[in-house]
Amino acid sequence: MKMEALKKILKIVVSIAALLGIWQLAVLSGRYESSLLPSPAKVIEGMTELIEDGTLLTHFKVSLTRFFIGYLAAIIAGITLGLLLGWNKSVWSFIEPIVQVLRPVSPIAWFPFIVLWFGIGDTPAIVIIFIAGFFPILLSTVSGVGNVDAIYLKVANNFGIRQTQLLFKIILPAAFPLIANGLHLALGSAWVFLVAGEMVGAQSGLGYLIIDARNSLRSDLVLAGIIFIGALGLLLDRLIKLLETGIEKQWGISRRGMN
C-alpha cells in the first residue's frame with residue numbers, strides 16, 4: 001500500500017512539474033507579454049499576496065458559505081423529491097417531461113429573473129447553486145429508486161414494513177450508489193456555477209476576486225484565483241467522497257463492480 005501511495009504521489013508531482021515546465025517555456029518564448037501570461041513565479045507571488053493580506057480568506061468564507069447553503073438545499077430537495085417521484089412512477093411520468101426541458105438550461109440563463117425576484121446579494125448566487133445541483137441529484141435519485149431490486153420490496157412486504165420505513169430504510173440505502181454519483185455531478189456543476197454567478201452579480205467571493213483582478217490588470221492574481229478555485233473544488237470532491245464512503249460502510253453497501 002505504501003508503494004502504491006508513493007507511486008501516486010510521484011505521478012502527481014511529475015504531472016504538475018510538467019505543466020509548470022510547459023508554462024515556463026511558453027513565457028520564455030517571448031510570444032506573450034507578462035501582462036497576458038505571467039510566469040509561475042509571478043503567480044506564486046500573487047498567491048502569497050492574497051494569503052498574507054487576508055483577501056483570499058475573506059472571499060473563501062463568502063464563497064463556501066454560499067456554496068454549502070445552495071448545495072445542501074439541492075441535496076435535501078433533490079433526494080426528497082427523487083424518492084417520492086421515483087416511488088410514484090405515474091406522477092413521475094407527468095413531471096419528467098418538464099424536468100427534461102428545464103434541466104439543460106444553464107442556471108446563468110435564469111439570472112435576470114433571479115435578480116428581479118430575489119434582489120442583489122448572496123441570494124442570487126445561492127439560487128444559481130441550487131439550480132445547478134438540484135437536477136443531477138433529482139434524476140440520479142429517481143433512477144436509483146427505479147433500479148432497486150424487486151426482491152428487497154417483496155421481502156419488505158412479507159415482513160409488513162410500512163411505506164415510510166420502506167422508503168427510508170430499504171429503498172434509500174439500495175439507491176444510494178446512484179444517488180452518490182448524482183451528488184458528485186451536482187457538486188462539480190454547483191461549484192462551477194457558483195464562480196460564474198459571482199462573476200456576474202456579486203461584490204465578493206472567488207468569482208468576484210477574478211473579475212476584480214482582471215479589471216485591475218493583475219493577470220497574476222487572475223491565475224492565482226483560478227488555481228485556488230480548482231484546488232478548493234478538488235478538496236470538496238474528496239470530502240464528499242469520504243462522506244459517501246462513511247455512509248456506505250454504515251449501511252453495508254458495496255460499490256465493487258459498479259464502476
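Here are some worked exercises on the structure above, which is a predicted model.

**Exercise 1. The overall fold**

Find how many helices and how many strands the protein chain has, and what pattern they follow along the sequence.

*Solution.* Start with the count: the protein chain holds 10 helices and 0 strands. Next, walk along the sequence, and the pattern reads α-α-α-α-α-α-α-α-α-α. Then look at burial: 37% of the 259 residues in the protein chain count as buried. Finally, turn to contacts between residues at least 6 apart in sequence: 76% of these join residues at least 24 apart.

**Exercise 2. Inside the nonpolar core**

Work out which residues of the largest nonpolar core touch the most other members, and which helix gives this core its largest share.

*Solution.* The largest nonpolar core has 58 residues, and those touching the most other members are Phe67, Tyr71, Trp191 and Leu206. Helix H8, residues 163-201, supplies the largest share of this core, with 15 residues. As background, nonpolar side chains in soluble globular proteins tend to be buried together.

Now zoom in on phenylalanine 67. Setting aside neighbours within four places in sequence, phenylalanine 67 is in contact with Ile129, Leu187, Ala190, Trp191, Leu194 and Leu236.

**Exercise 3. Two aromatic pairs**

Explain why the pair of phenylalanine 67 and tyrosine 71 is called stacked, then look at the pair of phenylalanine 130 and phenylalanine 134 in the same way.

*Solution.* Two values are needed here, since a pair of aromatic rings is described by the distance of the centres and the angle of the planes. The structure has 7 aromatic pairs. For phenylalanine 67 and tyrosine 71, the ring centres are 5.3 Å apart and the planes meet at 15°. Rings pair if their centres lie within 6.5 Å, and planes under 30 degrees apart count as stacked, so this pair is stacked.

Where do phenylalanine 67 and tyrosine 71 sit along their helix? Both belong to helix H3, and they are separated by about one helical turn because they are 4 residues apart. Burial comes next: phenylalanine 67 has 1% relative accessibility and counts as buried, and tyrosine 71 is buried too, at 4%.

For phenylalanine 130 and phenylalanine 134, the distance is 5.5 Å centre to centre and the angle between the planes is 20°, and this pair is stacked. Both residues lie in helix H6 (residues 122-146), 4 residues apart, or about one turn of the helix. Their burial has to be checked one at a time. Phenylalanine 130 has a relative accessible area of 27%, so it is partly exposed. Phenylalanine 134, at 12% relative accessibility, counts as buried. The cut-off for buried is under 20%.

To finish, look for a wider group: Phe67, Phe68, Tyr71 and Trp191 form one aromatic cluster.

**Exercise 4. Two pockets**

Describe the largest pocket and the second largest pocket by volume, lining and kind of residue.

*Solution.* Take the largest pocket first; its volume is about 340 Å³. Its lining includes Lys8, Trp23, Leu37, Leu223 and Arg238. Helix H1 (2-28) and helix H10 (219-251) are the elements that give two or more residues to this lining, and H1 provides the largest share, 6 residues. By kind, the lining of the largest pocket has 9 nonpolar residues, no polar ones and 2 charged ones.

The second largest pocket holds about 270 Å³ of space. It is lined by 18 residues, and Tyr71, Leu72, Ile75, Ile240 and Leu243 lie nearest its centre. Helix H3 (55-87), H8 and H10 each supply at least two lining residues, with H10 giving the most, 7 residues. This lining divides into 17 nonpolar, no polar and 1 charged.

**Exercise 5. Two serines**

Decide whether serine 219 and serine 204 are buried or exposed, and list what each one touches.

*Solution.* Serine 219 lies in helix H10. With 17% relative accessibility, serine 219 counts as buried. Leaving out residues up to four places away in sequence, serine 219 touches Ser34, Ser35, Leu36 and Pro38.

Serine 204 is placed in the loop between H8 and helix H9 (206-215). Its relative accessible area is 19%, so serine 204 is buried. With the sequence neighbours up to four places away left out, serine 204 touches His59, Val62, Arg66 and Glu198.

Terms used:
Residues are numbered from 1 along each chain as its sequence is written. This is a predicted model: local features need pLDDT of at least 70, side-chain atom pairs count only at pLDDT 80 or more; totals for chains, interfaces and linings use all residues. Side-chain values use heavy atoms; hydrogens and water are left out. A nonpolar core is a set of buried Ala, Val, Leu, Ile, Met, Phe, Trp, Tyr and Cys residues joined through side-chain atoms within 4.5 Å. Buried means under 20% relative accessible area, exposed over 50%, partly exposed in between (1.4 Å probe, protein chains only). Contact means heavy atoms within 4.5 Å. On a 1 Å grid over the protein atoms alone, a cavity is a set of points where a 1.4 Å probe fits but cannot get out, and a pocket is an open set with protein on both sides within 12 Å along at least five of seven lines; lining residues have an atom within 4 Å of a point. Grid points are joined across faces, edges and corners, and a volume is the space filled by probe spheres set on the points. Ala, Val, Leu, Ile, Met, Phe, Trp, Tyr, Cys and Pro count as nonpolar, Asp, Glu, Lys and Arg as charged, and the others, Gly among them, as polar. Rings of Phe, Tyr and Trp (its six-membered ring) pair if their centres lie within 6.5 Å; planes under 30 degrees apart count as stacked, over 60 as edge-to-face and the rest as tilted.
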